[in-house]
Amino acid sequence: MPPGPPGIPILGNIFDVPKNLPWLKFTLWKQKYGPMYSLNMAGQPIIVVNSHKITADLFDRRSNIYSDRPRFIMASEILTGGIFMIFSGYTEVWRKMRRAGHEGFSLRASEQYQPMHIREAGLTVLDIIQRPDAWDDRMRQATASSILTAVYGWPRIGAKDKPIVERINAHVARIGSAVVPGRYLVDIFPAMEHLPTWMAKWKREGLEWHERETEMFEEFNEGVGDRMAKGESPTCFVASLIETEERHGLTKKEAAWLAGIMFAAGSETTSASMMNFVLAMLLFPDTMQKAQAELDAVIGRDRIPTFEDHKDLPYIRALVKEVLRWRPVGPLAIPRRVTEDDWYEGYLIPKGTMIIPNIWGMTHDPEIFPAPETFCPERFLDETGTIDVAPPDTRGMGHVTFGFGKRICVGLEFANQALFINFATVLWAMNISKAADVAGRDVTPDPNEVIDSGVVVGPAPFPCKMTVRFPEAKAVLERELALTT
Ligand code: HEM
């Protein structure tokens, strides 16, 4: 295996990997051991990969043996019955779900949600104009709302929907905490999975949660089915799932979980990226001004941005990529497991090895992204500032924040569209600047203070000041949004 940090007998590197910001340590090790090195976590062999080329060679070009996931017994088998697509192995059920998920969120399919994204972004900015202090709450709610609308065709969620959103969020948090290494002993000692439920409270509770959540997700899908039976045709993922049920061969339970998974995978990731955007605008105000100059030149102040403008807004397109590169919300993605012995560059990667792609290490590689801590959208544009450029082996996207190969993020088109229109609308209408403390001094947030929920990493809460850029912004938003109802 490729060499790596030496570790101690039996337990290996278990004490070398920090719980806090492990991707930074992984990135440091890259300097010492190269772009691919191995770790031993109490007998579990792990390979950490830190380069675009290696991830493309393994996850894209050898995807038939690198698309499996390691076992997450509590999160993926007990709490979610083996059908939680994000963590599930490279199985037949995963394939069915993946096909259906991809069909519902492909580039073409995601276009049908564009009017909803424009509306949601505009209404959110209007809310922020009214209550600037609640900007982060509003942005989080907007993300949740867009995904629930896209998945279930629900109208925009508001304060009255809090209980249902909290219920879904609690489900996401439960799974997030269950994948944290060491949270459940069964993931360290798999033999414990055979304990009878009367002896294992964690297992009993996990299975009960699974039953309750299956009921909840099935009810949501049935709600869409009932609307269709009444002759309505909601534009949403579940409606298309119901129409294509037979072709995809999904059971009622699998279809219900597939829809639920879209929210789990898409809500926190997108809202953490929105927070990172605000943070970047605060810390790098010159980029905000350049983006606003582009918006003024292309859109002016008498209408709001739309998706028609995408082709004419290279700086905003680059801004989306730079937010995802600068602060990838899944800095270590989700690990893989190789299903056969494999040889790569003279090294043996034994069957069963866990492979961790260090996305942070790749998006902060100074040879590809000079001064990687500097927020600089220009890195994704050619010298004319109009043509998008991307380093090799990034699928033309410029970064690998959405993952790789057959398991690349299913919702990446939807997420890119949501981020594009939200960034454009916020910057068209608002200025973002540092808030002042009680003594009147500017508060500069530390971008390395983060909240790590298990899979998604976002910035710790920070204050910021949002003000309207020009007096007519509110009236223009109101007028334009009235036209889109
Ligand atoms: C900024 C937003 C997002 C980021 C950065 C992100 C990132 C990721 C990453 C890194 C993975 C793992 C890929 C791999 O293993 O190679 C993933 C998987 C996934 N994402 Fe996203 N995601 C985002 C938004 C979304 C949205 C909006 C949806 C749904 C509408 C979604 C649905 C999924 C699903 C279902 C998977 C599991 C794919 C599989 O295992 O086959 N994501 N995402």
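The buried residues of helix 8 (buried meaning under 20% relative accessible area with a 1.4 Å probe, protein chains only) are covered by elements that include helix 3 (73-78), helix 7 (135-152), helix 9 (201-229) and helix 11, where contact means heavy atoms within 4.5 Å and helices are DSSP runs (H or I) of at least four residues, numbered from the N terminus. The model is predicted, with local features needing pLDDT of at least 70 and side-chain atom pairs counting only at pLDDT 80 or more, while totals for chains, interfaces and linings use all residues. Residues are numbered from 1 along each chain as its sequence is written, and side-chain values use heavy atoms, with hydrogens and water left out.

Among the residues buried in helix 8 are Val 165, Ile 168, His 171 and Arg 174. Helix 8 (residues 162-178) has 17 residues, which should span 24 Å at 1.5 Å a residue (1.5 Å times one less than the number of residues), and its end C-alpha atoms are 24 Å apart, in agreement.

The iron atom of the ligand has a single donor from the protein, Cys 409 (SG), at 2.3 Å; donors are N, O and S atoms within 2.8 Å of the metal (3.2 Å for Na, K and Ca), and water is not among the atoms, so sites may look incomplete. Cys 409 lies in the loop between helix 14 (359-363) and helix 15 (412-429). Helix 15 reaches 26 Å from its first C-alpha to its last, close to the 26 Å expected for its 18 residues, and because 16 of these 18 residues are buried, helix 15 is largely enclosed by the rest of the structure.

Definitions and conventions:
Helix = DSSP H or I, 4+ residues; strand = E, 2+ residues; numbered from the N terminus. Buried < 20%, exposed > 50% of the residue type's maximum accessible area, 1.4 Å probe, protein only.
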